[in-house]
Amino acid sequence: MRVTEQQIRSEELKTAFLRHLPQRVKILVRRAERQHREGWDVNALLLLEAEFARLADAAGRYGLPEQAAPLQALAESLQPYVQGTALPDAAANDAIVQALDALHAPMGQAAMREFGARVEVPSATAPRDGADDPPAVNGYARMSTPPPDYWRTLGIVDEPAVQIVVAPAPVITAPVEAVAATPAAPVLAPEIALLGNAPALHDLALHLEHSGRAVAEFDAVEALIAALQTATPPRLLVVGPRALVALPLLAPALRHARLESGHRVTLLAVLEQDDLGARLDALRAGADHALPRTLGLHALLAQIEPLLKDETGDTPYRVLIVDDDAAQAAFAEVVLRKAGMQTRTVVEPLATLDELERFQPDLILMDINMPGADGLELTALIREREAFVSTPIVFLSGDPDADRQYAALDAGGDDFIAKPVRPKHLIAAVGNRVRRARAAAQRAQRAGVAGDALVERGVLFDRIARQLAARAGTAPSGALLLAEINDAPRLRERLGLGGFDRLQQQLAAWIATQTLPREVLTPFGPSAVLMFAPQRGEQALMAFAQDLAARINHERFEAAHAQPLAITAGVCGMGAGADPMALLGACERALDIARRSGVSVAGHGGQQNAGAQALSALLRKSLAEDSLHLAFQPLVPIAGLALAPRYQTLLRLRDARGGEHTATTLLPEAAASGLLPALDAWVLRRALAVLEARRKLGATLTLFVNQSFEVFRDVWQDGALQRELAAAALPAGSLVLEYRCEALRGNYAEAARCFETLRQRGLAVALAGINALTLAEPDFTALPLDYVKLAPELARDDQARAVAAAARARGALVIAPRVHDASTAAAFYAAGADLLQGNFVQEASAQLDYDFASHPA
């Protein structure tokens, strides 16, 4: 049977489709599962449905029903929500999860079986004798197996089959239809490659795909290295925080790609935190840029967009070569032209100025010692022309005189290269200078004319840096404002990623209409706007922010579908930091104070005082409105010890923005505000109510309640509280009052009398923070205690067993606190603790639902 060229091409594309399918499906399933866990996004839903439908259609056309069926089922499960306006509910989520489950292992196994049946990888060393080839027709040999590298003629990367198992092949997200649409369509190389499995990278991929970029996601560094070794490597590599350890492995392939490819390959490292050491490590390993993921998606996209632009723009780099030595000029011209640059040579130095106007070079490569006018004199003349003040001038000379070289740079030169020079060095020096010059010109252009407020993030930080430098040694004027859209996650889910981005841009544009001259702002992070006001102080900018927060509720933004918005803002003066990043951190801290305090604006200068005042007011209001609440954490007995259910009560307070304050922050503020007695009494009353309710249900329960010994008498002078306790008629020991050991030091005699009074009222007493030094203190043994809670550090102390034994000898049960891992639990168990408390057992919650019978410690 004659094998036609069309059949060969069709089979090759079918095999390429099978090669890419398992990893492509894996990436899509991972995204869908993340959407299921964290909430569906409109744009993500649309992209997923379209991708699954394309893959299902391609699998059907290639005659692969085993692969097509589950893909089609999942696409159909998403279609109602793509066509309608509602997002999947709980029932729909269950159906989608079932469809996702059908895509896991069976899909990969089916594709690999089909791929293995169709692809035979010939030995690289075995000679072809042609015995199995069909006979020649009209003098042309017909082959059932394509010749080596034939796949490359179709634009398909030729990868050995073993790489599919060891390191999955790159997954091309945007141009899947290029594989599936028609048999003749080539497989396009990805423009952007993402390495790692971080959520920030998945969000980045969705945005880039949505903007039409060809994106490939890699799970293994070996696959990315293989992509770099192709004829058309990705233009941009983005390495996630968890994959940064692979940078040393990437470095050799990256260097090779930069030398051999026809375009620049840029590496962006995304760091877990904004750490200078991590940035330096990334840059030393070959990264061109290193940014923390905490900047947010918008800032990452803003950084990536300029990196994707062709470094030559729409035209190649233009280099004017000025050298009276024709041979040397020819050498430089050949080297630079081979690197894709346009060159113009001037061997008569005095003709340079006229050639500048005609050629408009990006860079001037000039000799120093020339007749008529040397390089220093020419540089001075060039710099007199406004159009060429910033044009890079690089001297290429064999003059060994160091003073002469310094004089050339002092005259206005940007760099000096000594002859003889290696071609790679010349290309790199010229290319880097032009690239930076063009980037600076583009940044200046984007900054706009004077008075334009909306700028890019880099421009804004440049303005801040200049303001700081201009006032070195004095307190600089100006302030920063960071305004965040309230309820951003809900809005992003309702509007989609693209819609929310438009809303953020519209908010920035609205604020820009109200700024003063020289003030600039930019969309910042996933849901904020950052503004720099060089002429306003912190208090003036806070007043401006409060005015914005008051008026924004009356504005209607098209991207928000005319729904009202609210913002929260943090402000800091220029004295809050020595560099732009430090100032940004101060602004973020002020914003956090505003969030937690439930106010619209907070400033850095008075944030400690303002935050404390806001928390005090919130605490006072919550006590008056009875809006505090308790969380409960079980105290679980060691296996074999039969004890009734016991829970530690933990104080909680939610602010207006949903933030939760714990006793760690509430107690110091309550003490400073004189609210500690009222707070302790509230906790006691709430615990009594819980115990009474459980008793009516026939349940036995013991609650531990934290109290402050400093206000003991203030609390128990409340006759109403004593009457409530007596009326409750609780079983003896069901309410345990816990005090801190350090509050009793030097006053054990009084504490012993107070504790005895409590026990006479049917209450039990616990003392927390006990260690070996506590046991050795005078009068400690006189304290009547029912429970002893060990100091947490005893988990790593050899004296833990002795402390626990001494406590048990007094008839007290021993509690091991803050047990958050198995090693701590084992240490306290070995020390002889009776009860364990901590997240290792169960995290605190509002429910009293721990199964003590089935889950002893």
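This section describes the overall make-up of a predicted model, followed by one of its sheets, two individual residues and its aromatic pairs.

The protein chain of the predicted model contains 31 helices and 26 strands. Of its 857 residues, 49% count as buried, and the chain exposes about 39,600 Å², of which carbon and sulfur atoms supply 53%. Among the contacts in the protein chain with a separation of 6 or more, 68% are accounted for by residues 24 or more positions apart.

One sheet of the chain is an open one, formed by five strands in the order β8-β7-β9-β10-β11 with parallel pairing. Its edge strands are β8 (342-346) and β11 (415-418), each of which pairs on one side only, and the twist from one strand to the next averages 20°. In general, the strands of a sheet pair through backbone hydrogen bonds, in either a parallel or an antiparallel manner. Strand β10 (residues 393-397) is joined to β11 by four bridges, the two strands running parallel, and within this pairing F395 has F416 of β11 as its bridge partner. Helix α15 lies across β7 (318-322), β8 and β9, and runs at about 170° to β7.

The loop that connects α15 (352-359) with β9 (363-366) is the place of D362. D362 has a relative accessibility of 13%, and because residues under 20% are classed as buried, D362 falls in that class. The side chain of D362 makes a polar contact with the side chain of R438, at 2.7 Å. When residues up to four places away in sequence are not counted, D362 touches P316, Y317, R318, T391, P392, V434 and R438, so that R438 appears both as a polar partner and in the list of residues touched.

A second residue examined individually is L530, which lies in strand β14 (residues 528-533). With a relative accessible area of 0%, L530 is buried. Not counting residues up to four places away in sequence, L530 touches L460, F461, L480, L481, L482, V520, L521, T522, F524 and L584. L530 and A508 are separated by 22 residues in sequence, and their C-alpha atoms are 8.6 Å apart in space.

A search of the whole structure for aromatic pairs finds 11 of them. In one of these, the rings of Y647 and F852 have their centres 5.5 Å apart and their planes at 85°, so the pair is edge-to-face. Y647 lies in strand β19 (residues 646-654), whereas F852 lies in the segment after β26 (835-836), and the pair therefore ties together parts that are 205 residues apart in sequence. Both Y647 and F852 are buried.

Another pair is made by F709 and F755, whose ring centres are 6.1 Å apart and whose planes stand at 75°, so this pair, too, is edge-to-face. Because F709 lies in the loop between β21 (702-706) and α26 (712-716) and F755 in helix α28 (residues 748-760), the pair ties together parts that are 46 residues apart in sequence. F709 and F755 are both buried. These two residues also belong to a cluster, in which ring pairs link F709, F712, W716, Y739 and F755.

Methods:
Residues numbered from 1 in each chain as written. Predicted model: local features only at pLDDT ≥ 70, side-chain atom pairs only at ≥ 80, totals over all residues. Heavy atoms only, no water. Buried < 20%, exposed > 50% of the residue type's maximum accessible area, 1.4 Å probe, protein only. Polar contact = N/O pair within 3.5 Å; in protein donor to acceptor, adjacent residues only side chain to side chain. Contact = heavy atoms within 4.5 Å. Areas by Shrake-Rupley, 256 points an atom, 1.4 Å probe, with all protein chains shown as cover. Pairing = 2+ DSSP bridges. Axes fitted to C-alpha atoms, helices over the stretch in contact; angles between N-to-C directions. Phe/Tyr/Trp six-rings, centres within 6.5 Å; stacked < 30°, edge-to-face > 60°.
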